[in-house]
Amino acid sequence: MARKLKGIAAAPGIAIAPVVHFHTTLDQIPTWKVAPAEVEAEKRRLTGAIEIVTQSLVDLQKELAGAIGKHDVRIYDAQLAILHDKSFRADVENEIEQHGVNLEVALQRVVWRYEEVFAAMDNAAMRERAADLRDIGRQLVGALVASGRQKFTADGADYLFVADEFLPSDAGILDREHIQGIITAHGGKYSHGAILARSLGIPAIVGVDRVLQESSNGALAILDGDAGMVLLDPTADERADYERRLTEQRSIDRRIAELRFQPSVTPDGSAVRLMTNVEGVQDLESLEIDTMAGIGLFRTEFAFMERRQFPTEDEQVTMYARAVASASGKPVTFRTLDVGGDKPLRYFTIPEERNPVLGWRGIRLCLDFADILYTQLRAILRASAEGRARILLPMITTRSEVVRCREVLDELTTDLRANGVPYDARIELGVMVEVPVLVSVLPEVLSVVDFVSVGTNDLVQYLLAVDRDNPQVAKMYDPFHPGVLRVLAQIADATRAADKGASICGEIAGDHCFTPFLVGLGFRELSMAPVFLPRVKLMLRSFTVDECRDLVRRALAMHSTADVRRLVQDEVMPRWHAQLSGAEGGTS
Ligand code: PEP
Ligand code: MG
């Protein structure tokens, strides 16, 4: 099985290509074995890199001469001296020759060795030289990488860009024709690089810890931009599976333009409201509201996480009103701040927790720091005057938490009315069903809410006791577990009995393999990342409600995840493929 690295899904799509490393530091360098016959070539690379760094230091000296004075410019003389030091060069060459390592590794080892020697010296001036040496090492590696960069991008071969981070300036030197995907160790979904990747249509994963160290330069890897997963050293089967998915993805993509404006109904005419998940105001720019029933989940915490301090009430009103306006009268579901767990706010520190996902997060935190809740709810209420807003509370565990939030809302609306501030008096209040125990008390909770939205990402992690972010147990995280399906059935039954709306906003809502099951269970509102809408719509148009119910009846009686997966494979996928080929033939 492939080694899997988990990251943040930043731009969707699948890519299969060799990894190409790009480096800016001495800590993360490409590593490969050098055969005796290749040693001379490595030495020539060293000569070339020394020439490049010498030239750039001389240029820098000239450039800075006027600005920093003659004396300080001599700093660079010390660096030039190291660069041309005969024993430094001999040590690097020895390292290549004796240990069969590439030049970058040899430089790293020699620099680290020298650094240790300098650091142990009594003389402070000598200790300072360690920094010069490190800088020279970094510049040499930088020069090597820069030439490697051109070589790889001009090679005409497909590649996965793997680096510490992807900066806007990097976009200019990509081989746009051949880059298949971007994987970076740092960055968030809303870092500029990620935004750029999405707009360039390049699948991307960011925040993949130690990706440069874990992956080998030149080795084939698979990037799953939908799951935020990198597969290193994939087996032939995994590769074949992803190649099939890639072909499928391309074929679906071709149909996107046709399908997205068609109604989302089952073949027997039952409508399912397909909505979208939004992570920040940036997402609103590309929102095609005509193709969906509204925004089913606005994860407000991302806007908080990108800032240096809490947004003020007015700033929040501006943001929420913009979302409401973009939805053109369709509902926008604002989930209140769901920080804590794996989503910390750097300007709001809480004591370190041993189990943060079981800790002080979501509504728990907001109820304990009520001013955060008051400010946010007031801002949502004010924005609701501009269209249709809904409020969704995350991580609800007890009915009393909802009752408390209702009291806060009542206080706020009384105050708004008293001050003549407009808001939508019909605004709905809902809860996320993601803490398992809520399912057992759902009938009581439903009496104090207008709707529920099932957060299957967390619900599945808590039901199965499998960390959703831990690659070691990732294969156990399977929402097709019959026990999960039974819990979903319980939620659907309870909401139907109470005549309250129920949607799904976890990732399974966007997984087309799941669509017939969710419909069969009775869910009529699914919220997902926009990229998944066409696939889900296509699947929806493939199974009648009775067929969906029959699938669910059989799955609920099964005893293992493998059995349910087999059902998907045998009964759902063939229909999907038939529908796809029909779609390609122009029928649907
Ligand atoms: C969920 O838990 O399913 C969900 C939608 O919320 P998040 O992924 O933000 O925890
Ligand atoms: Mg959640």
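This report walks through a predicted protein model, from its overall make-up to a ligand site, its cores and two buried residues.

Residues are numbered from 1 along each chain as its sequence is written, while chains are lettered from A and ligands numbered from 1 in the order in which they are written. In this predicted model, local features need pLDDT of at least 70, side-chain atom pairs count only at pLDDT 80 or more, and totals for chains, interfaces and linings use all residues, with side-chain values based on heavy atoms and with hydrogens and water left out.

**The whole protein**

Let us start with the overall picture. The protein has 22 helices and 16 strands; these are DSSP runs numbered from the N terminus, where helices are H or I with at least four residues and strands are E with at least two. Of its 588 residues, 51% are buried, a word that means under 20% relative accessible area (exposed is over 50%, partly exposed in between; 1.4 Å probe, protein chains only). About 26,200 Å² is exposed by the protein, and carbon and sulfur atoms supply 52% of it; accessible areas come from the Shrake-Rupley method with a 1.4 Å probe, and for residues only the protein chains shown count as cover.

**Helix H17 and ligand 1**

Helix H17 spans residues 456–464, and eight of its nine residues are buried. Among them are Asn 457, Asp 458 and Tyr 462. Their cover includes strands S10 (295–299), S13 (428–433) and S14 (451–454), as well as helix H18 (482–497). After H17 comes Ala 465, with a positive phi near 55 degrees.

Which element gives the largest share of the shell around ligand 1? That is H17, with three residues. In total, 13 residues surround the ligand, and Arg 299, Arg 335, Gly 455, Asn 457 and Arg 468 are the closest; a residue is near a molecule if one of its heavy atoms lies within 4 Å of it. By class, six shell residues are charged, four polar and three nonpolar. Here Asp, Glu, Lys and Arg count as charged, Ala, Val, Leu, Ile, Met, Phe, Trp, Tyr, Cys and Pro as nonpolar, and the others, Gly among them, as polar.

The table gives some polar contacts, that is, pairs of N or O atoms within 3.5 Å.

| Residue | Atom in the residue | Distance to an oxygen atom of ligand 1 |
|---|---|---|
| Arg 335 | polar side-chain atom | 2.8 Å |
| Asp 458 | side-chain N or O atom | 3.0 Å |
| Gly 455 | backbone N or O atom | 3.3 Å |

On its own, ligand 1 has 290 Å² of accessible area, and the protein covers 97% of that.

**The nonpolar cores**

In soluble globular proteins, nonpolar side chains tend to be buried together. The largest nonpolar core here has 107 residues, of which Leu 488, Ile 491, Phe 517, Phe 523 and Leu 526 touch the most other members. Such a core is a set of buried Ala, Val, Leu, Ile, Met, Phe, Trp, Tyr and Cys residues joined through side-chain atoms within 4.5 Å. H18 supplies the largest share of this core, eight residues. Apart from it lies another core of 30 residues, including Val 53 and Leu 140.

**Two buried glutamates**

Glu 42 lies in helix H1 (residues 39–73), and Glu 93 in helix H3 (residues 86–99). Why does Glu 42 count as buried? Because its relative accessible area is 5%. Glu 93 counts as buried too, at 17% relative accessibility. Not counting residues up to four places away in sequence, Glu 42 touches Trp 32, Val 34, Ile 96, Asn 102 and Leu 103, whereas Glu 93 touches Lys 43 and Leu 46; contact means heavy atoms within 4.5 Å.

Conventions. Polar contact = N/O pair within 3.5 Å; in protein donor to acceptor, adjacent residues only side chain to side chain.
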